[in-house]
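Reader: I'm new to this one and would like a walk through it. Could you show it to me and then take my questions?

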Amino acid sequence: MDKFTNSAWFMRIVAFALAALLFISINFEMESDKKSLGLSTAPEISTETIENVPVEVYYDRENLVVSGVPETVDVTLKGAKSLLINAKNQRDFKVYVDLSDPAISMGDRTVTFKISDLNEKLVATIDPEYAEVNVQERVTKEFPVEAEYNSSLLEEGYTAGQPTVSPKTVKITGAKDAIEQISYVKANLEISKGLNETVNSKATVKALDRDLNKLDVTIEPSTVSVSLEVSIPSKTVSIAPKQTGKTKDGIRITSISVDPKEVTLFGSETSLEKIDEVNLPVNISDIDGDTELELDLDKPESVQKMSLGKAKVKIRTEKVDVDEENAEPVVEEEEPETEQKQEEQVVEEEEKEDEPAAIESKIFNNIQIVPVGIQDDQNAELESDVTSITLLGEADDLKKITKDDINLTVDVSNLDEGTHDVDLAVAVPEGVEWELDSKTVSVTITQKDEET
């Protein structure tokens, strides 16, 4: 053993082993140092596309309007995978268009997209690379708003007034050429079903050009309140009981009365003008004494609805002998007229001629009240612009009178701003008298908004 350890080969082997260990140790330490100094081997290079990155636009927002810049772009990044993952997750970089130069000219121009706050070891490609933009002077102008709705949705018989808007005007801001293209500013009242009642709703305001294309502008306020008054013409007529059938033997109908005596009909004015009464059929076949019934009213076909569908009927009767009921009426022979009887007959006829004709009444509903004398700088609003009037006169005269022969006006020429009770002026044909439930109407006077 001593001979082997003292041999030259043993010493060579040991020396070689020590040299190998020293080489491995030194290389391990150098690789560690390189890694700590960022000198490791080249990292894996990758690409990553980030879609829908928001675009910021820098410009004088107080005085300019810029259009044509897309809201988002796609950004493709190239670099170390670890850096790409961090950039994609954090999204701490920005894509922007710089138009902040005070000397920038108006009109169309081509601008490139830029990127900031991106790790310098990453390379970015933006899609699209540039945008065609338009720079215009920023203008604000006030416009009146017109409300509109689909009139075909009005249910049969119903009518609608002119829709009102609040506020009446809006301020529209945009590029000068866009503002100059504005032809209509409309608030469309969205209605999804048939119209049969007054509507109060919010409506979005839109600015349109002459071809009804929507313009890219800012509207303040963007919504307005719209009110649309929907009503239906009405007419109050009498209820007329009509006997049907035949009474039983020994029963005679002495009277038939109805409660209530009138019903209000609703429908188009054309339909209502043709109706003067509503029939109430009363079957007397089963009546054998005084009776009270509740019967259905017959609604005329042209009428949309009635204020009530039933009415109470009181029937009064009396019993009679069958022989008396069927007996032929006795016709007495006329005696020759004496001279004295002839004179008495002449006197009676003269007295009848001197008697005044019977006075009857006729009610006219929904007569329009017209304000007159409105000043140019004022608005006049009536609490109610229709009323009913009763005309009194001879039957023949009343039959000839229509709604067009009646004029109701209220003079507002000398009224100041505020609410006033004003006397109604009535004009009716000669020979008839009139009565009103109220001889005054409440009128509110307001100042018109000054045009800007």
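Reader: Where is Pro260 placed?
Author: This is a predicted model, where local features need pLDDT of at least 70, side-chain atom pairs count only at pLDDT 80 or more, and totals for chains, interfaces and linings use all residues. Residues are numbered from 1 along each chain as its sequence is written, and side-chain values use heavy atoms, with hydrogens and water left out. Helices (H or I, at least four residues) and strands (E, at least two) are DSSP runs, numbered from the N terminus. With that in hand, Pro260 sits in the loop between E19 and strand E20 (262-266).

Reader: What is omega for the peptide bond from Asp259 to Pro260?
Author: That bond leads into the loop between E19 and strand E20, where Pro260 has its place. The peptide bond from Asp259 to Pro260 is cis, with omega near 0 degrees.

Reader: Which residues does the cis peptide bond with omega of about -5 degrees join?
Author: Look at the loop between strand E11 (164-166) and E12, where Pro167 is found. The cis bond with omega of about -5 degrees joins Ser166 and Pro167.

Reader: What is the phi of Arg91?
Author: Arg91 lies in the loop between helix H3 (81-90) and strand E4 (94-98). Its relative accessible area is 41%, so Arg91 is partly exposed (buried means under 20%, exposed over 50%, partly exposed in between; 1.4 Å probe, protein chains only). Arg91 isn't a glycine, yet its phi is positive, near 50 degrees.

Reader: And what about Asn52, what is its phi?
Author: Asn52 belongs to strand E1 (residues 45-58). Though Asn52 is not a glycine, its phi is positive, at about 55 degrees.

Reader: How many salt bridges does the structure hold?
Author: Side chains of opposite charge can pair when their charged atoms come close. A salt bridge here is a side-chain nitrogen of Lys or Arg within 4 Å of a carboxyl oxygen of Asp or Glu. On that basis, the structure's number of salt bridges is 8.

Reader: Why does the salt bridge of Lys235 and Asp276 tie together parts apart in sequence, and how many residues lie between them?
Author: The two side chains meet at 3.7 Å, N to O. Lys235 lies in strand E18 (residues 234-244) and Asp276 in the loop between H5 and strand E21 (277-283), so the pair ties together parts whose separation in sequence is 41 residues.

Reader: How far apart in sequence are Glu277 and Lys242?
Author: Their side chains form a salt bridge (3.8 Å, N to O). Glu277 is in strand E21 and Lys242 in strand E18, so this pair links distant parts of the chain. Glu277 is partly exposed at 37% relative accessibility, and Lys242 is partly exposed at 38%. The separation of Glu277 and Lys242 is 35 residues.

Reader: Which residue forms a salt bridge with Lys248?
Author: Lys248 is partly exposed, with a relative accessible area of 35%. Its partner counts as partly exposed too, at 47% relative accessibility. The closest N and O atoms are 4.0 Å apart, and the partner is Asp288.

Reader: Is Thr173 buried or exposed, and which side chain does it contact?
Author: Thr173 is placed in strand E12 (residues 169-175). Its relative accessible area is 14%, so Thr173 is buried. A polar contact is a pair of N or O atoms within 3.5 Å; within protein, one must be able to donate a hydrogen and the other to accept it, and residues adjacent in sequence count only if both atoms are side-chain atoms. At 2.8 Å, the side chain of Thr173 makes such a contact with that of Thr140.

Reader: What joins the side chains of Gln136 and Asn134?
Author: Gln136 is found in strand E8 (residues 130-144). Gln136 is buried, with a relative accessible area of 17%. Its side chain and that of Asn134 are joined by a polar contact of 3.3 Å.

Reader: How far apart in space are Ala207 and Tyr184?
Author: Ala207 lies in strand E14 (residues 199-208) and is buried, with a relative accessible area of 2%. Ala207 and Tyr184 are 23 residues apart in sequence, and their C-alpha to C-alpha distance is 6.0 Å.
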